[in-house]
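Visitor: I'm new to reading structures, and I'd like a close look at just one part of this one. Could you pick a strand and talk me through its surroundings?

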Amino acid sequence: VNVTLIDRLVPTINDVDIIADSIVTITSSEDMYNAVGATGAISTNHFQATVYQNNGNASEATIVNITNENQDPLLGGEKIVRIGFVTDLLPSGVEEMTISPAGPANPIYDSENNQMPQNTVSARVLLPDRLPPTIISETAVIAIDNSYVQFSVTEGVYGAYEGTKPV
């Protein structure tokens, strides 16, 4: 007796990692296509980004490009993709983001024509702090002899990238 099992498992987003200030990689449970019959590459229209502001600066993200893990154009059948995005404002380091299917107009399929559910949501990734410190002008005091200026800034500042040397 031969038994043939039919794949009914829907593709999901298994992993998401932020690999640069504005690039995430997502790993799907299965190869992803934009049409039934395991044809066509997915595109930026297939995903959406949701930002959780958490009292931070950025509140929205727009997906601007999508490539394979080698930064080449997608051909169809990729399991790992890089998604480039931009935010409406510079993140302050407390915002989080998720990736999910964009909607029913742009379904994502696996090789057996199973569609990724619209309610699929990746884990949250923390957006890196890209908001530079600013001087709080109301706190500035100039010495009578103009030898120095004393002021406050919105966050700690350092004289080295590593954050170890004082200014």
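Guide: We'll start with the whole chain, then settle on one strand and work outwards from there.

A quick note before we dive in: this is a predicted model, where local features need a pLDDT of at least 70 and side-chain atom pairs count only at pLDDT 80 or more, while totals for chains, interfaces and linings use all residues. Residues are numbered from 1 along each chain as its sequence is written, and side-chain values use heavy atoms, with hydrogens and water left out.

The protein has nine strands and zero helices. Both come from DSSP runs numbered from the N terminus: a helix is H or I over at least four residues, a strand is E over at least two. Its 167 residues have a radius of gyration of 22 Å, whereas a compact globule with that number of residues would come out near 15 Å. That radius is taken over C-alpha atoms, and the globule rule is 2.2 Å times the number of residues to the power 0.38. The box that the C-alpha atoms fill is roughly 95 × 25 × 25 Å along the principal axes. Of the 167 residues, 30% count as buried; here buried means under 20% relative accessible area, exposed means over 50%, and partly exposed is in between, with a 1.4 Å probe and protein chains only.

Now for our strand, β6, which covers residues 96–101. Five of its six residues are buried, so β6 is largely enclosed by the rest of the structure. Who are its neighbours? Strands β3 and β6 pair in the antiparallel sense over six bridges, and two strands count as paired if DSSP finds at least two bridges between them. In that pairing, Q48 has S100 of β6 as its bridge partner. Strand β7 also runs antiparallel to β6, and two bridges join them. One partnership here puts E96 with L126 of β7. What holds such strands to each other? Strands of a sheet pair through backbone hydrogen bonds, parallel or antiparallel.

E96 has a second job for us to look at: its side chain meets that of R124 in a salt bridge, at 3.0 Å from N to O. R124 lies in the loop between β6 and β7 while E96 is in β6 itself, so this pair ties together parts that are 28 residues apart in sequence. For a salt bridge, a side-chain nitrogen of Lys or Arg has to be within 4 Å of a carboxyl oxygen of Asp or Glu. E96 is partly exposed at 22% relative accessibility, and R124 is partly exposed too, at 43%.

By this rule the model has two salt bridges. In one of them, D21 and R130 meet at 3.6 Å, N to O. D21 sits in the loop between β1 and β2 and R130 in the loop between β7 and β8, so the pair ties together parts 109 residues apart in sequence. D21 is partly exposed at 40%, as is R130 at 35%.

Just past the end of β6 comes A102, in the loop that leads to β7 (125–126). A102 is partly exposed, with a relative accessible area of 30%. A102 and N45 are 57 residues apart in sequence, but their C-alpha atoms are 6.6 Å apart in space.

Stepping over to β3 (47–52), the loop between it and β2 holds A38. A38 has a phi near 55 degrees, which is positive in a residue other than glycine. In the loop between β3 and β4 we find N55, also with a positive phi, near 65 degrees. N55 counts as exposed at 82% relative accessibility, while A38 is partly exposed at 28%.

For contrast, look at the open sheet elsewhere: four strands in the order β1-β2-β5-β4, with antiparallel pairing. β1 (13–20) and β4 (61–68) stand at the edges with a single partner strand each, so one side of each has no neighbour in the sheet. Seven bridges join β4 to β5, where I63 has F85 as its bridge partner.
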